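User: I would like to learn how to read a structure like this one. Could we take it feature by feature?

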There are 2 protein chains.
Amino acid sequence: MAGKGRSRASGRPTLEQVAVEANVSRGTASRVVNGSLEVSPYALKAVRDAIRKLGYVPNQAARSLVTQRSDTVLLVVSESEDRVFGEPFFASIVRGLSQELSSTPLQLNLMMASTARQHDRVEQLVRNGHVDGVMLISLHGDDPLPQNLLAAGAPVALIGRPVADGGAVPYVDADNESGARAATEYLYQQGRRRIATITGPRDMAAGLDRLSGYRAALRGKRGVTRLVARGDFGQASGESAMRELLAKDPKLDAVFAASDPMAAGALRALWAAGRRVPDDVAVIGFDDSELARNTNPLLTSVSQPTQRMGRKLAELLITQLRDPDAKLAPVILPTELVRRESA
Amino acid sequence: MAGKGRSRASGRPTLEQVAVEANVSRGTASRVVNGSLEVSPYALKAVRDAIRKLGYVPNQAARSLVTQRSDTVLLVVSESEDRVFGEPFFASIVRGLSQELSSTPLQLNLMMASTARQHDRVEQLVRNGHVDGVMLISLHGDDPLPQNLLAAGAPVALIGRPVADGGAVPYVDADNESGARAATEYLYQQGRRRIATITGPRDMAAGLDRLSGYRAALRGKRGVTRLVARGDFGQASGESAMRELLAKDPKLDAVFAASDPMAAGALRALWAAGRRVPDDVAVIGFDDSELARNTNPLLTSVSQPTQRMGRKLAELLITQLRDPDAKLAPVILPTELVRRESA
DNA sequence: TTGAAAGCGCTAACAT
DNA sequence: ATGTTAGCGCTTTCAA
């Protein structure tokens with residue numbers, strides 16, 4: 001025989017108690033809770049009243065046990081905590097994500113996972129049925145995690161184009177190439193003719209795409225000196241790259257850095273070398289991060305629609321949750337050049 | 001009759017299957033999984049082998065259903081996403097937290113919750129049995145959430161001294177007062193005699209404590225000019241506070257800002273006013289954040305042992321999880337002055 | 001030390 | 001439209 005209304009330690013009211021209170025069966029009560037339409041207005045009201053009166057809240061564990069779903073999605077930040085939290089980029093993504101999710105019953109879980117061990121943990125979470133789907137952000141391009149997750153049968157969506165793109169995993173990304181092109185073109189339009197760039201690492205699509213944009217902007221232009229130095233998106237690399245660039249061409253008059261920290265590093269090197277910004281050398285960064293509002297001079301930078309990216313990311317996942325066989329195309333969102341003092 | 005080994009859609013092996021494979025009862029299998037000692041070595045091995053062979057993973061929903069626990073703890077960041085991710089402070093906390101948690105079966109959930117609605121959601125999570133305990137970080141001092149959570153019967157631990165401390169909620173904090181005092185004393189020892197401070201907001205203990213530290217350092221010192229301007233921890237407020245300070249005392253030769261962004265703002269204002277740092281004016285910030293490594297000149301700042309704070313935070317919660325009646329004293333960790341270029 | 005069995009609270013299939 | 005019921009996979013008495 002079933003539960004006899006015995007009060008439990010936890011004291012939380014159960015659906016059974018709601019049913020009793022409302023004078024209906026547990027089945028009907030369940031239907032009301034889950035928004036089924038096949039319920040008489042009368043029963044509907046009775047159950048709703050009972051729920052309110054008792055302060056009933058569904059037990060998610062019990063529900064998951066039978067539905068085999070968790071109603072939870074996971075955002076994995078495949079990056080060291082430092083970088084994550086150092087960049088408001090992520091903040092904004094999360095906000096968009098939350099917005100989109102708030103209209104669903106889906107819970108959002110956040111997890112940092114840069115090491116292989118932590119990646120295993122993510123896969124476990126999926127296999128455990130702890131999460132119904134996974135969103136990944138900022139992983140280096142050759143990360144096997146998305147593929148593994150896919151293989152485990154979990155819906156997956158990414159922020160950032162995977163560099164070794166099998167085309168299997170849907171993603172959203174900013175239009176890095178256009179952004180870089182716009183920045184470089186702007187530099188050219190300002191009359192700059194010795195335009196350098198500081199690139200990101202080779203294993204990240206964002207770095208690659210921004211370099212392509214720089215090249216595309218200058219393609220076919222005559223009388224322009226091009227200079228490329230490699231960085232790793234970090235500030236120190238920007239500083240040393242700038243020194244290197246200055247050594248190669250002391251007369252360079254502009255530099256497009258593929259990230260704001262690198263641009264900030266460049267600013268330092270320029271300052272140390274006695275160059276005035278933007279008078280002698282114009283500088284543009286990428287990301288329009290908090291940093292861009294803290295440098296001296298303030299940094300002109302390419303901004304990404306991060307919040308929208310977050311929304312789209314959620315959308316991509318939700319679509320798959322609804323239809324596991326959905327074929328989804330990448331979502332590429334436009335960037336915008338934000339003018340400040342450095343260029 | 002119970003489950004007949006019927007293969008389910010999800011395909012995950014169940015404890016039942018493990019038991020069959022190992023030729024023991026489900027009860028015994030369960031005991032092995034949960035590390036009970038009352039199991040014969042023989043059965044132990046058989047079950048372990050079966051688990052490995054089948055790739056068995058416990059179903060958390062089923063487990064939670066019976067244990068009434070979720071084995072999940074929640075970290076609530078009671079702050080806007082921007083600030084969270086803008087500060088590596090949080091990153092480091094999370095890392096310490098994860099470390100401490102990794103030796104337990106506890107899952108970590110992250111959640112941003114600055115609005116009242118989101119706070120409600122946190123309480124729901126607790127009532128739903130979704131999480132067994134909650135850690136809160138960076139809430140403004142008068143936040144009612146911790147008390148409400150406590151009332152709901154959930155173990156709670158905080159980062160940051162609650163300003164209206166009922167003494168009921170255990171917390172860990174950096175020794176803000178000592179840190180501020182050390183910074184101010186350092187300024188004094190360098191021969192500075194017109195020492196200003198830019199404070200944080202009134203409703204946050206960190207701001208209050210840092211101001212006390214500044215005052216304590218100068219207490220009883222003769223021939224020292226003291227100046228106080230109010231900020232809100234943000235960079236813009238630091239910049240305008242600095243201007244204000246400069247107007248009040250054009251000859252001031254040092255400033256201690258209660259946050260790095262405010263110090264960065266001060267740097268800008270100083271630069272705009274034609275002051276050299278540190279030659280004319282020495283500047284010290286607080287937090288030793290990423291920003292401190294990106295300003296020009298690099299920022300001398302008070303660093304907090306954030307990672308340790310994270311570990312302690314987890315410890316505080318775990319202790320309560322084990323013993324709900326545990327009475328825990330606040331944990332205050334020491335700070336350290338990191339010298340760079342600005343002072 | 002082990003097995004048997006009673007539920008944990010819920011959804012969904014089936015019957016009415 | 002509603003009630004009944006069979007489990008979801010697990011832990012934990014209770015007996016043996």
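Analyst: Start with how the protein meets a phosphate; keep in mind that the model is predicted. A polar contact is a pair of N or O atoms within 3.5 Å. Here a phosphate oxygen of DNA strand C lies 3.2 Å from a backbone N or O atom of A:Asn59.

User: Which side-chain atoms lie by a phosphate oxygen of DNA strand C?

Analyst: A polar side-chain atom of A:Arg63 is 2.8 Å from a phosphate oxygen of that strand. From chain B, an N or O atom in the side chain of B:Thr28 is 2.7 Å from a phosphate oxygen of DNA strand C. The elements that give two or more residues to the surface near this strand are α2 and α4 of chain A, together with α2 and α4 of chain B. With 5 residues, α4(A) gives the most.

User: How many residues are around DNA strand C, and which come nearest?

Analyst: There are 29 residues around DNA strand C, and A:Leu15, A:Tyr56, B:Thr28, B:Arg31 and B:Ser40 come nearest. Of the strand's atoms that come within 4 Å of the protein, sugar and phosphate account for 62%. By class, the surface near DNA strand C has 11 nonpolar, 10 polar and 8 charged residues.

User: How do I read DNA strand D?

Analyst: Use the same steps. DNA strand D is surrounded by 30 residues, the closest being A:Ser25, A:Arg31, A:Ser40, B:Leu15 and B:Tyr56. Sugar or phosphate holds 60% of the atoms of DNA strand D within 4 Å of the protein, and the rest belong to bases.

User: Which residue has a side-chain N or O atom 2.9 Å from a base nitrogen of DNA strand D?

Analyst: That residue is B:Arg26. Other contacts go to phosphate: a polar side-chain atom of B:Ser30 lies 2.8 Å from a phosphate oxygen of DNA strand D, and for B:Tyr56 the distance from a polar side-chain atom to a phosphate oxygen of the strand is 2.3 Å. Two or more residues of the surface near DNA strand D come from each of α2 (26–33) and α4 (60–67) of chain A and α2 (26–33) and α4 (60–67) of chain B. The largest share, 5 residues, comes from α4(B).

User: How do I read the place where chain A and chain B meet?

Analyst: Look at contacts, then area, then particular pairs. In this model 47 residues of chain B are in contact with 47 residues of chain A. About 4,100 Å² is buried between the two chains, and carbon and sulfur atoms give 50% of that area. The count of salt bridges between chain B and chain A is 2. In one of them, the side chains of A:Arg268 and B:Glu341 meet at 3.4 Å, N to O. On the side of chain B that touches chain A, the residues divide into 21 nonpolar, 15 polar and 11 charged.

User: Why does A:Thr300 count as buried?

Analyst: The test is relative accessible area, and buried means under 20%. A:Thr300 counts as buried because its relative accessibility is 0%. A:Thr300 is in strand β10 (residues 300–303) of chain A. Its side chain reaches the backbone oxygen of A:Ala343 at 3.2 Å. Beyond its neighbours within four places in sequence, A:Thr300 is in contact with residues including A:Val283, A:Ile284, A:Leu337 and A:Val338.

Notes:
Residues are numbered from 1 along each chain as its sequence is written. Chains are lettered from A and ligands numbered from 1 in the order in which they are written. This is a predicted model: local features need pLDDT of at least 70, side-chain atom pairs count only at pLDDT 80 or more; totals for chains, interfaces and linings use all residues. Side-chain values use heavy atoms; hydrogens and water are left out. A residue is near a molecule or strand if one of its heavy atoms lies within 4 Å of it. A polar contact is a pair of N or O atoms within 3.5 Å; within protein, one must be able to donate a hydrogen and the other to accept it, and residues adjacent in sequence count only if both atoms are side-chain atoms. Helices (H or I, at least four residues) and strands (E, at least two) are DSSP runs, numbered from the N terminus. Contact means heavy atoms within 4.5 Å. Buried area is the accessible area (1.4 Å probe) that two parts lose on being put together, summed over both. A salt bridge is a side-chain nitrogen of Lys or Arg within 4 Å of a carboxyl oxygen of Asp or Glu. Ala, Val, Leu, Ile, Met, Phe, Trp, Tyr, Cys and Pro count as nonpolar, Asp, Glu, Lys and Arg as charged, and the others, Gly among them, as polar. Buried means under 20% relative accessible area, exposed over 50%, partly exposed in between (1.4 Å probe, protein chains only).
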